[in-house]
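Open the model in your viewer and keep the selection tool ready. We will go from the whole chain to single residues.

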Amino acid sequence: MRRTDVVVVGAGLAGLTAARELTAAGRDVVVLEARDRVGGRTVNHDLGDGKVVEAGGQFAGPTQDHILALAKQVGVDTFPAYTHGASVYVHGGRARRYRGDIPPDPLALPDLGIAMRRINQLARKIPLEAPWRAPKARAWDSVTFESWLRHTTAGSGALDLVNVLLGSAYGGSAAGASLLYSLWYIAGFGNETTPGTVERGIGVTGGAQEFRFAGGSQLISQRLSEELDGRVVLGAPVRAIEQDGDRVAVKSDVDTWSARHVVVAVPPALATRISWRPLLPPQQDALFSRMTFGALMKCEAVYPEPFWRADGLNGQAVFRNGSPICSMWDNSPPDGRPGVLMGFLGGPQWHTWAARPPRERRAAVLRAFAAAVGKPALSPVEYFEQDWVGEEWTRGGPTSVPGTGVLTELGSWRDRPFGRVHWAGAEHSDHWNGYMDGAVRSGETAARAVLGHD
């Protein structure tokens with residue numbers, strides 16, 4: 001059995017951030033990672049010629065101060081997401097160009113405007129650190145987000161457009177999330193001085209999708225791993241964690257470590273698959289088991305150049321009904337060569353299309369791209385998919401979304417230390433929950449908890 005001060009389980013942004021903070025404070029740390037790479041839910045796809053494109057988490061924006069600061073510290077630059085030109089709204093077999101972040105649907109826009117204003121008003125009433133203490137917490141947690149939207153609006157247009165957002169944000173739909181969780185999630189689209197709003201969550205310029213990272217978002221984790229200088233052990237899935245009061249034994253496929261503290265920085269549902277001695281508190285185990293991931297796949301097509309830009313398009317599109325993807329983005333490298341289109345296939349669309357033959361799914365995705373930007377989209381030089389549901393050490397994405405009743409019944413157990421075990425990960429943050437910024441925040445918080453425990 002090898003000895004150290006702290007074992008960190010998981011080499012994503014949360015775990016690596018925690019390890020970096022603890023190492024800086026003078027603690028001896030080892031990071032155990034099940035995969036053969038670092039980065040967790042961020043991963044780069046090699047395009048050749050030294051260029052990459054993101055196949056996992058990729059965007060950042062205003063009030064995401066922690067991921068932006070960390071990237072700067074490790075020498076990873078940002079560049080703006082491509083926004084020059086018009087976006088496209090595809091609905092009912094018709095493609096319409098528009099500017100801004102809201103699709104031009106005259107039948108849906110009035111209801112959507114009402115819903116957005118009401119959501120922002122209610123979100124301001126949510127205490128981020130304890131949403132179960134909101135004035136109407138139990139009532140809001142007893143209904144789904146979809147039920148509330150149907151009651152608040154007159155037609156289905158607003159619900160359809162909200163589900164477009166949730167297909168990529170939740171990997172699900174409004175039917176699978178409680179109203180309380182959804183309000184809390186949106187309330188976290190800010191920082192300690194700036195309240196969260198729907199607009200910031202869906203926006204590009206001034207919103208959550210404003211920036212990308214030069215060299216791909218995984219580069220941040222790779223730089224962190226280099227700083228940790230041999231402290232990261234790959235191919236070491238943790239199978240068991242045993243506490244005896246003074247020490248914690250962490251058993252992986254590579255070795256067994258004895259530590260004073262452990263930071264578990266893996267998705268909550270995966271944390272329950274570790275063998276625990278003593279067992280996790282039943283409330284914590286129940287909460288983590290019910291923090292199920294959504295379903296998300298990223299589909300990307302590579303072209304010699306971003307041909308849509310010459311036609312006055314920015315590569316962004318929203319698809320309402322009838323398409324395998326819910327939204328599309330220009331995912332080209334900073335210099336625009338090659339051109340890359342990326343579509344989110346999430347939630348109900350994932351359940352419809354993931355089991356179909358890859359060639360059929362590829363053809364359907366490319367037809368959707370072509371409906372937005374033209375026939376040249378049918379002929380990419382490369383096409384690839386990243387199905388996060390099929391990732392053994394993720395099992396879904398992009399975040400954990402609790403259904404009705406979970407927050408008010410069990411939410412207070414989310415971050416509660418279990419003896420000498422502390423928790424980190426994008427789901428363990430009040431601000432930008434499920435985002436890269438949330439992951440970094442949670443790693444910093446877990447490191448402070450460990451230091452405060454000594």
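This tour of a predicted model takes in the whole chain, then one helix, then a set of strands, and last some unusual loop residues.

**Stop 1: the whole chain**

Show everything as a cartoon. The protein chain holds 16 helices and 19 strands. Its radius of gyration is 22 Å, close to the 22 Å that the globule rule gives for 454 residues, so the chain is as compact as a globular protein of that length. Along the principal axes, the C-alpha atoms fill a box of roughly 65 × 55 × 40 Å.

Now switch on the surface. About 17800 Å² is exposed, and carbon and sulfur atoms supply 50% of that area. Buried residues make up 59% of the 454 residues. Turn to the contacts with a separation of 6 or more: residues 24 or more positions apart account for 73% of them.

Next, colour by charge. There are 48 positive and 47 negative charges. The mean positions of the two sets lie 5 Å apart.

**Stop 2: helix H9**

Select residues 218–228, which form helix H9. Which residues here are buried? They are Gln218, Leu219, Ile220, Ser221, Leu224, Ser225 and Leu228. A rule helps when you look at any such list. An α-helix has 3.6 residues a turn, so residues three or four places apart point the same way.

Add the elements that the buried residues of H9 pack against. Among the helices, show H1 (13–24) and H2 (65–73). Among the strands, show S2 (29–32), S3 (44–48), S8 (211–213) and S9 (232–233).

Step just past the end of H9 to aspartate 229. Its phi is positive, about 50°. Most residues other than glycine have a negative phi, and most peptide bonds are trans.

**Stop 3: strands S10, S11 and S12**

Select strand S11, residues 248–252. Why is S11 described as largely enclosed by the rest of the structure? Four of its five residues are buried, so the strand has that cover.

Add S10, residues 238–243. S10 and S11 run antiparallel, and five bridges join them. Click valine 238, and look across to serine 252 in S11. Then follow the turn of this hairpin, where four residues lie between the strands. Glycine 245 has a positive phi there, near 105°.

Now add S12, residues 256–264. S11 pairs with S12 in the antiparallel sense too, over four bridges. Here lysine 251 stands opposite threonine 256. These two strands also form a hairpin, with three residues between them.

**Stop 4: two cis prolines**

Select arginine 277 and proline 278. A cis peptide bond joins them, with omega about -5°. Proline 278 sits in the loop between strand S13 (275–277) and helix H11 (282–290).

Move on to glycine 397 and proline 398. They are also joined by a cis peptide bond, with omega about 0°. Find proline 398 in the loop between strand S18 (382–387) and helix H15 (406–410).

**Stop 5: two positive phi values**

Stay in the loop between S18 and H15, and click arginine 395. Its phi is positive, near 70°, in a residue other than glycine. Is arginine 395 buried, exposed or partly exposed? At 37% relative accessibility it counts as partly exposed, since that class runs between under 20% for buried and over 50% for exposed.

End at asparagine 321, in the loop between strand S15 (313–320) and strand S16 (327–330). Asparagine 321 is not a glycine, and its phi is positive, near 70°.

Note on methods
Residues numbered from 1 in each chain as written. Predicted model: local features only at pLDDT ≥ 70, side-chain atom pairs only at ≥ 80, totals over all residues. Heavy atoms only, no water. Buried < 20%, exposed > 50% of the residue type's maximum accessible area, 1.4 Å probe, protein only. Pairing = 2+ DSSP bridges. Rg over C-alpha atoms; globule rule 2.2 N^0.38 Å. Contact = heavy atoms within 4.5 Å. Areas by Shrake-Rupley, 256 points an atom, 1.4 Å probe, with all protein chains shown as cover. Lys, Arg positive; Asp, Glu negative; His and termini not counted. Charge placed at Lys NZ, Arg CZ, Asp CG, Glu CD.
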